[in-house]
Amino acid sequence: MTNEWCSTVRIRILDFLIQSAQQLEVPPVVKYSALSLFAERFYPIISRFDQESTGHWLLQPVRESNLQLFSLIAIWISSKIDASRPLSVKKLKSLADKIIQDQHYTTRDFAEAEVIFMKVLDYEIGTSDIVYRILEDLLIQLKEVATVGEHLDFEVCMDIMDLLYEKEETSTLYNSPHSLAASILVASYVITVPKQRWEFPILPWVKYGMACKEDIIEVVRDILKHVLQQCSI
């Protein structure tokens, strides 16, 4: 494994994906679908993928600029799945020309990168079970059973999701999307809901509703610890 795969590169690529999603003004579900496809599936596999079997220069070797291209491909694919109006390759290429410094990519490169991306994922691109969707449904359910749900800020939930992708040790929490969604909801409850309104039993409610076997309390503690560390920087 080369230095290209060090944790600092990973953080830069994920930050590039998040910033690109903002510049492209895609809906949140597209952004988090792209993060799921890239960070949870594509990135862990690509270092073990048989590069010789593809015979393509984008994988020989995989440079940081190529990873930036693949992160844009993740957004592109996600927009085709989750957006009412999918992104055009013209718009993606225009952004790439502005923000990818070390390499110029053609429209054909985008098309070929999409094929490679799909091949690495073995064409499994479903995003119905990602944390964002589960968390969104949880908040809707909470608002139906308790007025305190109106005080919970979903923007904070999304900020937490972004922060958890920054470190490999916390990004592994995404391997259990249901328990992570429940834990993020509890952590956001602690952060955003005024203490005088903590009468709702949020922890038993999410554990029962999600039928979580994992220790939610420990995950919530880890999330809050990570959030507080980032806030103190």
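**Note on cavities, pockets and salt bridges**

1. Helix H2 makes the greatest contribution to the lining of the largest cavity, giving three residues. This cavity belongs to a predicted model, and the structure holds one cavity of 30 Å³ or more. The space inside the largest cavity comes to about 40 Å³.

2. The residues that line the largest cavity are Tyr32, Ser36, Glu40, Ile130, Val131, Tyr132, Met161, Tyr165 and Tyr174. Two elements, helix H2 (28–46) and helix H7 (131–145), each give two or more residues to this lining. By character, the lining of the largest cavity divides into seven nonpolar residues, one polar residue and one charged residue.

3. The second largest pocket has a volume of about 150 Å³. Its lining is made up of Ala21, Gln22, Glu25, Val26, Pro27, Pro28, Lys31, Tyr32, Glu155, Met158, Asp159 and Asp162, and the elements that give two or more residues to it are helix H1 (7–24), H2 and helix H8 (154–164). Of these elements, H8 supplies the largest share of the lining, with four residues.

4. In the lining of the second largest pocket, six residues are nonpolar, one is polar and five are charged. A reader following individual side chains may note that Tyr32 is listed in the lining of the second largest pocket and is also listed in the lining of the largest cavity.

5. On the surface, Val190, Ile191 and Trp198 make a nonpolar patch of about 240 Å². Ile191, one of these residues, is found in helix H10, which covers residues 177–192. The relative accessibility of Ile191 is 41%, so this residue counts as partly exposed.

6. Turning to charged pairs, the structure holds seven salt bridges. In one of them the side chains of Arg12 and Glu64 meet, at 2.8 Å from N to O. This pair links distant parts of the chain, since Arg12 belongs to helix H1 and Glu64 to helix H4 (residues 64–82), and the two are 52 residues apart. Arg12 has a relative accessibility of 43% and therefore counts as partly exposed.

7. Another salt bridge brings together the side chains of Arg133 and Asp82, at 2.2 Å from N to O. Because Arg133 lies in helix H7 and Asp82 in helix H4, this pair ties together parts that are 51 residues apart in sequence. Are the two partners buried or partly exposed? Arg133, with 24% relative accessibility, counts as partly exposed, whereas Asp82 is buried because its relative accessible area is 18%, and buried means under 20%.

8. A further salt bridge is formed by Arg108 with Glu112, where the closest N and O atoms are 2.9 Å apart. Both of these residues lie in helix H6 (residues 107–120), and they are four residues apart, which is about one turn of the helix. Arg108 counts as exposed because its relative accessibility is 62%, while Glu112, at a relative accessible area of 23%, is partly exposed.

Technical notes: Residues are numbered from 1 along each chain as its sequence is written. This is a predicted model: local features need pLDDT of at least 70, side-chain atom pairs count only at pLDDT 80 or more; totals for chains, interfaces and linings use all residues. Side-chain values use heavy atoms; hydrogens and water are left out. On a 1 Å grid over the protein atoms alone, a cavity is a set of points where a 1.4 Å probe fits but cannot get out, and a pocket is an open set with protein on both sides within 12 Å along at least five of seven lines; lining residues have an atom within 4 Å of a point. Grid points are joined across faces, edges and corners, and a volume is the space filled by probe spheres set on the points. Ala, Val, Leu, Ile, Met, Phe, Trp, Tyr, Cys and Pro count as nonpolar, Asp, Glu, Lys and Arg as charged, and the others, Gly among them, as polar. Patches are made of residues with over 30% relative accessible area and no salt bridge: like charges are joined within 9 Å, nonpolar side chains (Val, Leu, Ile, Met, Phe, Trp, Tyr) within 5 Å. Accessible areas come from the Shrake-Rupley method with a 1.4 Å probe; for residues, only the protein chains shown count as cover. A salt bridge is a side-chain nitrogen of Lys or Arg within 4 Å of a carboxyl oxygen of Asp or Glu. Buried means under 20% relative accessible area, exposed over 50%, partly exposed in between (1.4 Å probe, protein chains only).
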